[in-house]
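Work through the following exercises with the sequence and the structure open beside you, and try each task before reading its solution.

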Amino acid sequence: MKMIERKENEDILEELMTVWQQHSENIEQIAQHHDLTNIRLAPRPLVFSSRRRSVLSYLTVTLICIAAIAGMVILRRQYVYDTFDLVFFLLLCLALAFTAIQNLYRIYSVHRQYASLPKTYFYKPTSPLRYAIPRATVFASVVVLFLFIVVPVQNGRSMSLTPLSQRSEAITNVSFVLSHIK
Amino acid sequence: MKQNTEHIAFLEMLRRCDSTIFKVCLMFTDRDPENIKNMYQDIVCTLWESWPSFKGQSKENTWVYRVAFNTAVSQVRRRSISPMFTQLDDDTYNNLAEESQNSIIERLYELIDRLSPDEKTIILLYLDRVPAREMGTTLGISEAAVNHRIERIKNKLKYLNEND
């Protein structure tokens, strides 16, 4: 049964190949008469490849995200006054960190050795980076959390200046709110 | 001087691989002369952009296929035209459109049009009698994966042919 099916499949492809053979020869004849002398190619310095364009845009987004995170960490004492602010800021930082990492991965993808679209199509889901990205995001958010809570701010209303008991209470509140968001 | 040499080398390559680009254009468009022309221009521009990175490690035709497939599939996705760098004669595109209007060839394209973009890339290489190993190099997959996909496409084509 399998053999018959295979034979039938071969037949249809043989038929297509015969038609294509003739068609291909005709295309080659047309190509021979194609006048290429009129083609004007852009001078090399003006050719700004799509790869470079992509890298530039991804890099810009990454830098903006990193700058925003840095700005938020530096200016936190002016904005973070209660647990709600803290949760909001942390979520924002998390989103920014995720975007930054995602764009860094895209830059890597552009420079991959076989960064072709068929490769993307048939891309194997075994890349270690697929696992590394979520872990890196979690790590980045923990670092941000650490900076918010532990690093002292001069003359500020930082939680690092508050007593330890209040700090732990604030962290418990954050965990409580986060568990309810889920 | 270097610019001139580069231009000449590129145009010589283009002359050798022109029919390959036309085949990709016909496969990924609706065979309208204007659309063939737009896709041809897009492919030539991308080839010119990537030309310095071609080190001759793979066959010239394999490289052209790879770049042409990438450009064609991404153009099909975004449905827009990139800025034109080239000035081309319309006769060639009209001839190509006429060539594909033959009833048997129309039937061939009717079947192929119903395949997905990645299946189209494989069937084009298969119809051009490119060996499975070279197809794997072009598409960045293993020879076994190529053979598996060819078998799947054959089944699909058979099904499409019978159910029309």
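**Exercise 1. The two chains in outline**

What percentage of the 164 residues of chain B count as buried? Describe the secondary structure of chain B and of chain A as well.

*Solution.* Keep in mind from the start that the model is predicted. In chain B, 38% of the 164 residues count as buried, and the secondary structure consists of eight helices and zero strands. Turning to chain A, we find seven helices and zero strands, while buried residues make up 13% of its 182 residues. As a last step, consider the contacts with a separation of 6 or more: in chain B, 71% of them are between residues 24 or more positions apart, and in chain A the corresponding share is 75%.

**Exercise 2. Two helices that cross**

Determine how helix α6 and helix α8 of chain B are oriented to each other, and list the residues through which they meet.

*Solution.* Begin by locating the helices, since α6(B) covers residues 117-127 and α8(B) covers residues 143-162. Their axes come within 10 Å and cross at roughly 100 degrees. Angles of 65 to 115 degrees count as roughly perpendicular, and therefore α6(B) and α8(B) are roughly perpendicular to each other. Next, look at the residues: B:Glu119, B:Ile122, B:Ile123 and B:Tyr126 on the α6(B) side meet B:Val146, B:Arg149, B:Ile150 and B:Ile153 on the α8(B) side. Sorted by class, this contact has six nonpolar, no polar and two charged residues.

**Exercise 3. Two isoleucines in chain A**

Find the helix that holds A:Ile69 and decide whether this residue is buried or exposed; then do the corresponding analysis for A:Ile30.

*Solution.* A:Ile69 lies in helix α2 of chain A, which spans residues 50-74. Because 20 other C-beta atoms lie within 10 Å, A:Ile69 is buried, the cut-off being 20 or more. Leaving aside residues up to four places away in sequence, A:Ile69 touches A:Cys93, A:Leu96, A:Ala97 and A:Val144. The C-alpha atom of A:Ile69 is also separated by 9.9 Å from that of A:Leu90, which is 21 residues away along the chain.

A:Ile30, for its part, belongs to helix α1 of chain A, residues 2-32. With 19 C-beta neighbours inside 10 Å, A:Ile30 counts as partly exposed. Again not counting residues up to four places away in sequence, A:Ile30 touches B:Phe22, B:Thr92, B:Asn95, B:Leu96 and B:Glu99.

Technical notes: Residues are numbered from 1 along each chain as its sequence is written. Chains are lettered from A and ligands numbered from 1 in the order in which they are written. This is a predicted model: local features need pLDDT of at least 70, side-chain atom pairs count only at pLDDT 80 or more; totals for chains, interfaces and linings use all residues. Axes are lines fitted to C-alpha atoms, for helices over the stretch in contact, and angles run from 0 to 180 degrees between N-to-C directions. Helices (H or I, at least four residues) and strands (E, at least two) are DSSP runs, numbered from the N terminus. Angles under 35 degrees count as roughly parallel, over 145 as roughly antiparallel, 65 to 115 as roughly perpendicular and the rest as oblique. Two residues are in contact if their C-beta atoms, placed from the backbone, lie within 7 Å. Ala, Val, Leu, Ile, Met, Phe, Trp, Tyr, Cys and Pro count as nonpolar, Asp, Glu, Lys and Arg as charged, and the others, Gly among them, as polar. A residue is buried if 20 or more other C-beta atoms lie within 10 Å of its own, exposed if 12 or fewer, and partly exposed in between; C-beta atoms are placed from the backbone.
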